[in-house]
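Reader: Please show me the model. I want to go through its domains and its cores.

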Amino acid sequence: MRSRRAPHEPTPDLGALGERVTAARAAAEARGETFYQGASQTFLAGFPPPERWDDWVELDSKSWPQRVEHRSMLVPTTCFNCESACGLLAYVDRDSLQVRKFEGNPAHPGSRGRNCAKGPSTLNQVTDPDRILYPLRRAGERGAGKWERASWDEALDTIAARLRAAIIEGRQNEIMIHIGRPGEDGFTERVLASWGVDGHNSHTNVCSSGGRTGFQFWTGIDRPSPDHANAKVIYLISSHLETGHYFNPHAQRITEARAKGAKVIVLDTRLSNTATHADFWLSPQPGSEAAINLAIARHIIATGRANWDFVHDWWNWQEYLAECNPDGFQDFETFKSTLIEKYEAFTFEFAAAESGIDVATLADVAEIVAGAGTAFSCHSWRSAAAGNLGGWQVSRTVFFLAALLGAVATPGGTFPNAYNKFVPRPIHVPPHPKVWQELSWPLEFPLAQNELSFLLPHFLKDGRGRLDTYFTRVYNPVWTNPDGLSWMEVLTDPDKVGCYVALTPTWNESAYFADWVLPMGHASERHDTHSYEQYDGQWVGFRQPVLRAARERMGETITDTRQVNPGEVWEENEFYIELSWRIDPDGSLGIRQYHESRKHPGEKLTVDEYYGWMFTHSVPGLPEAAAVEGLTPLGYMRRYGAFEITKGRGALYAEEVPVEEREDLHITSTGRVYTAGPKPESLNVGPIGAPEPDDEGRRAVGVLVGGTIRRGFPTPSGRLEFYSSTLAAWGWPEHALPGYIRSHVHPANLAPDQVVLLSTFRLPTQIHTRSANSKWLNELSHTNPVWIHPADAARFDVTRTGDLVRVTTDIGYFVAKAWITEGIRPGVVACSHHMGRWKVTGHDEVGPGGMMATVDLARDTDSWTVQARHHVAPYDSADPDTRRIWWSDTGVHQNLTMPVHPDPISGMHCWHQAVRVTRARPGDAHGDIAVDTSKAHEVYRQWMASTRAAGTYSPDATRRPAWLMRPLKPAAETFALPAGPR
Amino acid sequence: MTEPALADTLPGEEQAVGSTAPPAELLRALGALSVVPPPASDPISAALGLAAMTAADHTRLFVLDLPPYASIYLGRDGNLGGEAADRVAGMWRALGLDPPADPDHLATLLALYAELGVAAVTCRTAAARARLVHARSVLRAEHLVSWLDPYLTAAPSYPGAEGWARLCQAAMGHEPRRHADQPLPAALRDAPRCIQPTDNLDQLLDSLVTPIRIGFVLTHRDLQHAGNQIGLGVRRGERRYTLRAMLDQDPAATLGWLAGEARQWSTAYRRHPLDGATSRWWSARASSAAIILDTIATQAGPMPRTRGTRGPAVPTGSKHPGMTDTSVASPEPPMFTSAPPAIS
């Protein structure tokens, strides 16, 4: 052995050496040099450490090889470009006080510093040459494209006067706020509640309500929270990864699970990005997904892999037997036998015949699911649940699998979302409004998950009501909804919509027809809190005007967000406080009190007090965490942008009900427990089902399981509702169990020359209605060809990709380019839904609208045509990139050609269309659209005929089951059916 | 809110990350020197007060002779990657992190070790701190100290590496040591058996280039040195090939030299233990190897040179009595039939 070990020497002064290295590194990095290279750059997260967020130095890449330093303040906020609410870090230039870029916020527990393309593109929105900077008032006819700048005072006074008059005159139902991108949970609802108005309208029934319905009937909570990261099997029924909802937070956790060996199964008729990463990609006939789920369920039951202990304890099987088998045995073995018998018909052969997936593949998938045990995470959101008549049974049958396996709120299982969401109680909670808005919650849809928002034009045409003042909030109903030209008809008719106020950061197809266009901020220009289920934990994220936070760090006092936003761009919080004060300036209407300071009664509530109160009183652990750092709770959130409240929530349904809540208990024969004890006040006001009290007014508090009173689920039975007594009682007994409803686009319902059009998918690089204001995203993807399988292309006589095709629906047609691909099932075509942005000729004088086509819109009574006059092209602006637009094709706005298809139970618009695809005719041009809105109204009537209205079917003379979730639930007395003919 | 003392939350942990821990930047810098060649690493060397290595010396040490990957020293075959690297990657995943490309490289390990120390100091809750301190302790025991004993025993003899190795040893040795009753690192606990007298030639050769099987490291330079010492030709090639050629030429002398080498390593570990139980394990393994190599050398006896550069070629398949060439024999008879000495 040669001389190996160094002579034993005194231990060097490691501390001093460490300091020397630290100093050397700091000096090198200050010079813009890299001190460590390669693997030595390993850090737990490659993000600027928070202690340097006040003064972060980077080199300007464009100045290379000169070393030009940028000094930035790093200010967290929350992305506003999808529902994930990922954390962003704004790099605010210390010299110019402008945002240079957005990157991920490492302190955000959901997104963990990562973002998709939409997050950094917030910068495009902030600097968009098309953005609206000042309040604008219509100067000519509606839609004429003439605008004049107005002051905020003028806008507020005018609108407040209308609202005040409507409220005083008892016309509360003529006020409506229609929400696009959700902001803070419950904020708009509380504003409306403070006005006494049931005017909340959401886009959910063209989005996710079909998915929600299936989960709600099982758990009393309308969203799932899959613990993907710990799953053995991940089962997704969605177009792309949950269709962009939680795309980034879930994708990163699915990636982790895959690294640990998890199997990913994707059911998507179209080859989505997610499908390309799956172990199994199943491309079923659209609408057959529930049949596949039931065949898997049958396999789990038949092969003895059901978690019978879980089923015994947590399903409402006793209620099912009592209601549906009253003369039979009432024991669990009988239920098991019944279950086997009920699903006996859902063989692999049946599912194969319905779906077109071969039996062997279905068997392989079923075996993998059956072997997942309690580590089975699943999700179904838009896609099949949003596409098909009865689509809500897709999510109901997906959760059926989790419920059979006992994979409910287990590690790697699927949680009810309320376990993983925290909505902090706000400073003021106004009472429930005492009116019922029938334009949103019509009697025909007593079980609708959300507002029948997409039927509004037809209801207005039918004379069911009118709107005095209609707000849209970051929403574009003409473009987003099916049958957008019917929307245009009512928005341009002052008899139907008296005043249309568009709260929007950017121009859109609807805002052009508004009376007032009021500029609202983007992600870095407004306040909101958010909390979403993205893993088994609860977090609260904070969106804030980053320049406000930056200037406050520099010692300035900011009292109004407009002081820091570009132009006169505002935020809704301050806007609604101010508007509410102007509706009720002296407080006599009882409105002002909900927008007043607590610290200084009689003064306006400020956003600092609003959030300061919330973070101090309603977010457990936050005050303590802030104190450790010498910050106030609000200061902490302004500093870090997010706070994790809990982690590892587990099976909350199994928690024992505390003794103090047990008072004068009443326990039913099926184990439902009611208590006379008061409900403890919760700091978390996130929405869940509200089971009704017993006949003596005791509240539902839990269920008896094995002799112990446990919390259970917020359903009528307190258990997972395999059998929905609600569906049975409200006229749909045939659908009370998880089942299979044949879609309106089932092959049996198609003519020989018809195919199914899938329109529910979108690309993860696109924002629903605001991509045209984001140049980077637009460059990535800007068109939406029609996916056609080669076999169909031959049938349609379409020879090559790029050929024009005419796609004919029940009410019109659109002309688009073909994309011939094997990524779609034969007999099905697909077209992405978020393309085809346009502006009407004449509106191009308002702003450059550089990434929207300019179209001629022609109307002849009920017949409309849309033809592109100019496609997009390079143009001059303050942004040199607008000269670099290399594309001209912006796709086609296919939604205009789709009639409304309301599901009679969930109320979801069933997006899939039966269409005919042919070669384009001579004279057809890309983007052409033709629609007959009278036909659209006729299709509306046909679908309405299949509803079962509360007037006929309500079991208790109410409009709707009171326990079901509902945004802005009105006061109990409003649930009573109205007098008169029903 | 008063946070619980870390000692309360970490039974068995003598000391949390605190003032006695080596500074994170020192650990990062030491790791960086093992991966960044001069001159890019010169500023780091200067900051550490070390003389800069030449690029050739750096390559010889860290690329050719002693690549600083845990898997080479802990793997059951002495190869890069495999289960030993997977174990480190698993630790990254357990921490909720994506493993980097070379998770078991010394630079990566020291950087992670440094980061865990920083995170443990800056995290917000006692529970998080306890988890991080524990993770750091596990990383040190399982993935650093577990193989740095042989590595830092071998490295100082390379030109320019002595100061670096000394600082590494000081930094790692400065940390709280494990309790005597704490289990050995998993890689050592599940280590493959030591060489056996019953091993055939291929098994012996495999073991001799596998540090965990013999308790010490044989480098190209060592073999060159051995050839010079015992007067054998050193054939150029990978170490296994070179060793085979030496054994062909003079098995007793070669085996005797290897036994002596093993004894010296065993003693060296005891002289400067990096961590009690772990160092003892390496020392015992080298000692066992020495005994077995002595035994094999004795039974082999002096032998004529049947292969190699200095002897006449023998026909393929010919065997020296007692040695089996697995290329022609199957099933494999033992190299020697006498019982091996007991290994305590």
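Reader: Which domains does the assignment give for chain B?

Author: This is a predicted model, where local features need pLDDT of at least 70, side-chain atom pairs count only at pLDDT 80 or more, and totals for chains, interfaces and linings use all residues. Residues are numbered from 1 along each chain as its sequence is written, with chains lettered from A and ligands numbered from 1 in the order in which they are written. Bounds come from an automatic or database domain assignment. For chain B they are domain 1 (6-189) and domain 2 (192-339).

Reader: How many residues does each domain of chain B give to the contact?

Author: Two residues are in contact if their C-beta atoms, placed from the backbone, lie within 7 Å. Domain 2 of chain B gives 22 residues, and domain 1 of chain B gives 24.

Reader: Which element gives the largest share of the domain 1 side in chain B?

Author: Helices are DSSP runs (H or I, at least four residues), numbered from the N terminus. Helix 5 (70-74), helix 8 (126-154) and helix 9 (162-173) of chain B each give two or more residues to that side. The largest share, eight residues, comes from helix 8 of chain B.

Reader: Where does the largest nonpolar core lie?

Author: Such a core is a set of buried Ala, Val, Leu, Ile, Met, Phe, Trp, Tyr and Cys residues joined through C-beta atoms within 7 Å; buried means 20 or more other C-beta atoms within 10 Å of the residue's own. The largest has 262 residues. Its largest share, 10 residues, comes from helix 15 (residues 392-405) of chain A. Both domains of chain A give residues to this core, so it lies between domain 1 (209-420) and domain 2 (747-944).

Definitions and conventions:
A residue is buried if 20 or more other C-beta atoms lie within 10 Å of its own, exposed if 12 or fewer, and partly exposed in between; C-beta atoms are placed from the backbone.
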